[in-house]
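I would like to work through this structure by question and answer. Please reason each point out before stating the result.

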Amino acid sequence: MNTALYFDELFVEHDTGDSHPEAPARLEKIVHHLRYQKMWHPYLQEITRRATKDELRRIHSAAYVDQIERACQSGLKQLDADTWICEKSYEAAALAAGAGLQAVSAVMNGKFKNAFCIVRPPGHHAEHNKAMGFCLFNNVAIAARELLQVYELNRVMIIDWDVHHGNGTQNVFYDNPHVYYLSIHQWPLYPQTGKLEEVGVEAGIGANKNIPIQAGTSAEDYLDKFKLEIEKSFNYYQPEFVLISAGFDAHVNDPLADLSLQDHDFYEMTQFVCEMAGGSAKGRVVSFLEGGYALTALADSVEAHIRALNSA
Ligand SMILES: [Zn+2]
């Protein structure tokens, strides 16, 4: 078994209100589907810890971490127009970040070849000191920082194929040459960042790559561009570890965007990334669930993602 899955029922208790697209039903559907496909128990690992405040502070300001904790405890329902919380949300978000830390450790120690963290709230829009776009803590960024600080790696690549640009992840590593951030996303679209010319600043120049895709682009054209740019980036950067911000909202059925991918395209993308990661990164890949709002498409695409990870 190559692949570990990380999930906890607490992620379902992160309540975003009655009609929010980032709903608990997303994970319920995924879990139900994976159980039905007999892809659950052999892969499922228990998440044994939350990210500590110190670990969260490696990406977020201390004031922000405390603010989120207090807001959740106070019973506040909404941080901004998009980002809803409940009393369990701080714990769920800290556990989601903890899942990433545990996954990275298991892969670094050779226990698994790769892993997928089936978590919510998602993370890639969360900024240093601001919640945004359904995200509280930036799970993938916290995992990247762990690889640099604890495992002393020098080159970590984050591939973000959620249909929205991961402004939070880009910003926290924008001047950092040790994290290469590559995002392919529909543009223009929320959050409006992620232009081609956003390439990093100072020492980070050249370690930030945006691939904006127009609404209505065919899956074939998307995949051609994806593969070309990923291959160029691997050849140039030679990452030691690969993290994926895996949103599934570029699916043709997704209500929040206008791209045309299907379930099997996510298989192909995952397989391609794993193949590339087989070089300098020794196959080490940890993936995080970000978006994906058409429930059946989401569950089928997640299945394809896991099948490709496990056959890597
Ligand atoms: Zn998204």
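**Metal site, salt bridges and helices**

Me: What kind of model is this?
Reply: Its local features are considered at pLDDT of at least 70, and side-chain atom pairs at pLDDT 80 or more. The model is predicted.

Me: Which residues coordinate the zinc ion?
Reply: The donor atoms lie at 1.9 to 2.7 Å from the zinc ion. In sequence, the donor residues follow the spacing D-x1-H-x84-D. Two of the listed donors are OD atoms of one aspartate, and the coordinating residues are Asp162, His164 and Asp249.

Me: How is the site of the zinc ion classed, given the angles among its four donor atoms?
Reply: Tetrahedral geometry would require all angles to lie between 85 and 135 degrees. The angles at the zinc ion run from 53 to 155 degrees. The class of the site is therefore irregular.

Me: How many residues apart in sequence are the parts that aspartate 162 and aspartate 249 tie together?
Reply: Aspartate 162 belongs to the loop between β4 (156-160) and α6 (167-172). Aspartate 249 belongs to the loop between β7 (241-246) and α8 (263-277). The pair therefore ties together parts whose separation in sequence is 87 residues.

Me: Are aspartate 162 and aspartate 249 buried or exposed?
Reply: The cut-off for buried is under 20% relative accessible area. Aspartate 162 has a relative accessibility of 1%, and aspartate 249 has 0%. Aspartate 162 therefore counts as buried, and aspartate 249 likewise counts as buried.

Me: Which residue forms a salt bridge with arginine 49?
Reply: The structure holds 13 salt bridges. In the one formed by arginine 49, the closest N and O atoms are 3.0 Å apart. Arginine 49 is partly exposed at 30% relative accessibility, whereas its partner is buried at 10%. That partner is glutamate 55.

Me: Where is glutamate 55 found, and with which residues is it in contact beyond its neighbours within four places in sequence?
Reply: Glutamate 55 is found in helix α2. Leaving aside neighbours within four places in sequence, its contacts are Arg49, Arg50, Leu101 and Ile142.

Me: Which helices does the salt bridge between lysine 53 and glutamate 69 tie together?
Reply: The closest N and O atoms of lysine 53 and glutamate 69 are 2.6 Å apart. Lysine 53 lies in residues 53-56 and glutamate 69 in residues 62-73, so the pair ties together parts 16 residues apart in sequence. Lysine 53 is partly exposed, at 26% relative accessibility. The helices are α2 and α3.

Me: What separates lysine 232 and glutamate 229 within helix α7?
Reply: Their side chains meet in a salt bridge of 3.6 Å, N to O. Lysine 232 is partly exposed at 45% relative accessible area, while glutamate 229 is buried at 12%. Because they are three residues apart in helix α7 (residues 219-237), the separation is about one helical turn.

Me: Which residues are joined into one network by salt bridges that share partners?
Reply: The network arises from salt bridges with shared partners. Its members are Glu22, Arg26 and Arg120.

Me: Within what arc do the buried residues of α3 fall?
Reply: The buried residues of α3 are Tyr64, Val65, Ile68, Ala71 and Cys72. Seen down the helix axis, they line one face, because they fall within an arc of 130 degrees.

Me: Against which helices do the buried residues of α3 pack?
Reply: On the other side of α3, Ala63, Arg70 and Gln73 are exposed. The buried residues of α3 pack against α2 and α4 (89-108).

Me: How far apart in space are glycine 292 and alanine 71, C-alpha to C-alpha?
Reply: Glycine 292 is located in the loop between β8 (285-289) and α9 (295-310), and is buried with a relative accessible area of 1%. Its contacts beyond four places in sequence include the zinc ligand Asp249. Glycine 292 and alanine 71 are 221 residues apart in sequence, and their distance in space is 26 Å.

Me: What span should α9 have at 1.5 Å a residue?
Reply: The helix α9 has 16 residues. Its end C-alpha atoms are 22 Å apart, which agrees with the expected span of 22 Å.

Note on methods. Residues numbered from 1 in each chain as written. Heavy atoms only, no water. Donors = N, O, S within 2.8 Å, 3.2 Å for Na, K, Ca; no water. Tetrahedral: all angles 85-135°; square planar, octahedral: opposite > 155°, others 65-115°. Helix = DSSP H or I, 4+ residues; strand = E, 2+ residues; numbered from the N terminus. Buried < 20%, exposed > 50% of the residue type's maximum accessible area, 1.4 Å probe, protein only. Salt bridge = Lys/Arg side-chain N within 4 Å of Asp/Glu carboxyl O. Arc of directions from axis to C-beta. Contact = heavy atoms within 4.5 Å. Expected span 1.5 Å × (residues − 1).
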